[in-house]
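Work through the exercises below with the coordinates open. Try each task before reading its solution.

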Amino acid sequence: MAGESLTLIGFWGSPFALRVKWALELKGIRYQYVEEDLSNKSAMLLQYNPVYKKVPVLVHDGKPLAESLVILEYIDETWEQNPLLSHDPYEKAKARFWSRFVDEKCVPAVMATFSKGGEEQQKAAQEARENLKTLEGGIEGKRYFGGENIGFADIAIGWLGYWVRIVEEIVGINLIDKELMAKLDAWIDDFLELPVIKECMPPRDKLLNHNKAFHKLLTSSST
Amino acid sequence: MLLGILGSPFVCRVKIALKLKGVEYKYVEENLADKSDLLLKYNPVYKKVPVFVHNEKPIPESLVIVEYIDETWKHNPILPSEPYQRALARFWSKFIDDKVVGAAVKAVLNVDVKERENNVKETLEALQFLENELKDHKFFGGEEVGLVDIAGVFIAFWIPMIQEIAGLELLTSEKFPKLYKWSQEFVNHPVVKESLPPRDPVFGYFKGLYESLTASK
């Protein structure tokens, strides 16, 4: 579409910005990417997301949007090629449900496993494992959440496996049990192997080191 | 079929949506202290209400349900048709859940004074954002009620009750003139009015909860 301007403000290590990148790439949409320094937030970010002051923010023809799942739906409705959501309202509802479940249940439990210690950490890890097992149920025996091809929920959730494996390495606690969560494990591998997905991922070593430093910061400030 | 409880603002959202669309349904009152097999079957993940069951297919999470209703019964639309406006509606509805509901409930029920002060501050900040967003519209949805208004039923009906119980001033016409006016319009809207629970039992429930929490200090 000529004359349109599309900008994604993100952070290389943010899984939420990654969701948006994946959606844009899958639809073959051209956009400008702006890397934000989260320790020194730009005036642009504060202007475009005064409510949360976070990334990602998508700015389309001067109109800003925040909150990654809201942005995903906007992208899907504005550029209709390679649809992410099904046309069927019930399938849509399921995709939305699982995406929210990850944000509201899995992420906090994994974060707590990452940042806490002792008994609190063990409790959080147990909760995380239970949530991940529940999440596996959402795949419903299909190849992806979206069926034969990836869809909205896969893009919303797919980063989780990559991150969780890094958390596991840093804290030395197993969260994705390869036997008990074989389907989830297989879906993660399948998803991360897809070319478009793989191309956008931050390099593992860089992300590992970044999160190791973050972990140090979190655990030293809690003593 | 809608599984719910009388005093839940989340269940109320779904009731309003169904009423706006003129959809007939069976309502089942749940007892959360003794959850039915039906609830556990239809919402195994969260075991909460509301759950909407359509053609044997269950859907939990109030805002997910409202969007499903809007997409299944297309007359009297709840979301706007234009993608950017739809995105804003979803953003502000989520904002209400993330920033208003939690903070407001904690402001009322938190027994720790310092934390309560923070919760009140958070709630007021969040309400200010909504005050600004409303601008000069009658409803967040414009001339008619939309997704954000429905999500905001907690603010219009529940906040006035719980602030009275706790002796707090959260939503007042002095602090938030536009939002306050909106709340009056909203609770008096013919469809919304019919979907709200009776005030007394809900008030009584929260008062009992408040008193038991503050007495145990």
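**Exercise 1.** Leave aside the neighbours within four places in sequence, and find which residues Asp185(A) is in contact with.

*Solution.* The model is a predicted one. Start with the place of the residue: Asp185(A) is in helix α8 of chain A, residues 182–193. Next, apply the distance test, heavy atoms within 4.5 Å. With the sequence neighbours set aside, Asp185(A) is in contact with Arg165(A), Ile176(A) and Lys178(A).

**Exercise 2.** Decide whether Asp185(A) is buried or exposed.

*Solution.* Take the relative accessible area of Asp185(A), which is 8%. The cut-off for buried is under 20%. Asp185(A) is therefore buried.

**Exercise 3.** Explain why helix α3 of chain A is largely enclosed by the rest of the structure, and state what covers the buried residues.

*Solution.* Step one: set the limits. Helix α3(A) spans residues 68–78 and has 11 residues.

Step two: count. Nine of the 11 are buried, so the helix is largely enclosed by the rest of the structure.

Step three: name them. The buried residues of α3(A) are Ser68(A), Leu69(A), Val70(A), Ile71(A), Leu72(A), Glu73(A), Tyr74(A), Ile75(A) and Asp76(A).

Step four: find the cover. From chain A, the cover includes α1 (15–26), β3 (57–60), β4 (63–66), α4 (89–115) and α6 (152–157). Chain B takes part too, with its helix α4 (83–109).

**Exercise 4.** Describe the contact between chain B and chain A: how many residues, how much buried area, and which three residues of chain B supply more than any other three?

*Solution.* Begin with the residue count. 26 residues of chain B are in contact with 25 residues of chain A. Now turn to area. The size of an interface is often given as the accessible area lost when the parts come together. Here about 2,500 Å² is buried between the two chains, and carbon and sulfur atoms give 68% of that area. Last, rank the contributors on the chain B side. Tyr46(B), Tyr84(B) and Phe91(B) supply 25% of the area that chain B buries against chain A, more than any other three residues.

**Exercise 5.** Test each chain against the radius of gyration of a compact globule.

*Solution.* Chain A has 223 residues, for which a compact globule would have a radius near 17 Å; the chain has 18 Å, which agrees. Chain B has 217 residues and an expected radius near 17 Å; its own value is 17 Å, which agrees. Then add the boxes along the principal axes. The C-alpha atoms of chain A fill roughly 55 × 45 × 30 Å. Those of chain B fill roughly 50 × 45 × 30 Å.

**Exercise 6.** Set out the fold, burial, surface and charge of each chain.

*Solution.* Take chain A.

- Fold: 10 helices and four strands, in the pattern β-α-β-α-β-β-α-α-α-α-α-α-α-α.
- Burial: 52% of the residues are buried.
- Surface: about 10,500 Å² is exposed, with 51% from carbon and sulfur atoms.
- Charge: the mean positions of 27 positive and 33 negative charges are 3 Å apart.

Repeat for chain B.

- Fold: 10 helices and four strands, in the pattern β-α-β-α-β-β-α-α-α-α-α-α-α-α.
- Burial: 53% of the residues are buried.
- Surface: about 10,100 Å² is accessible, with 53% belonging to carbon and sulfur atoms.
- Charge: the centres of 28 positive and 31 negative side chains lie 2 Å apart.

Methods. Residues numbered from 1 in each chain as written. Chains lettered and ligands numbered in written order. Predicted model: local features only at pLDDT ≥ 70, side-chain atom pairs only at ≥ 80, totals over all residues. Heavy atoms only, no water. Helix = DSSP H or I, 4+ residues; strand = E, 2+ residues; numbered from the N terminus. Rg over C-alpha atoms; globule rule 2.2 N^0.38 Å. Buried < 20%, exposed > 50% of the residue type's maximum accessible area, 1.4 Å probe, protein only. Areas by Shrake-Rupley, 256 points an atom, 1.4 Å probe, with all protein chains shown as cover. Lys, Arg positive; Asp, Glu negative; His and termini not counted. Charge placed at Lys NZ, Arg CZ, Asp CG, Glu CD. Buried area = accessible area lost by both parts, 1.4 Å probe.
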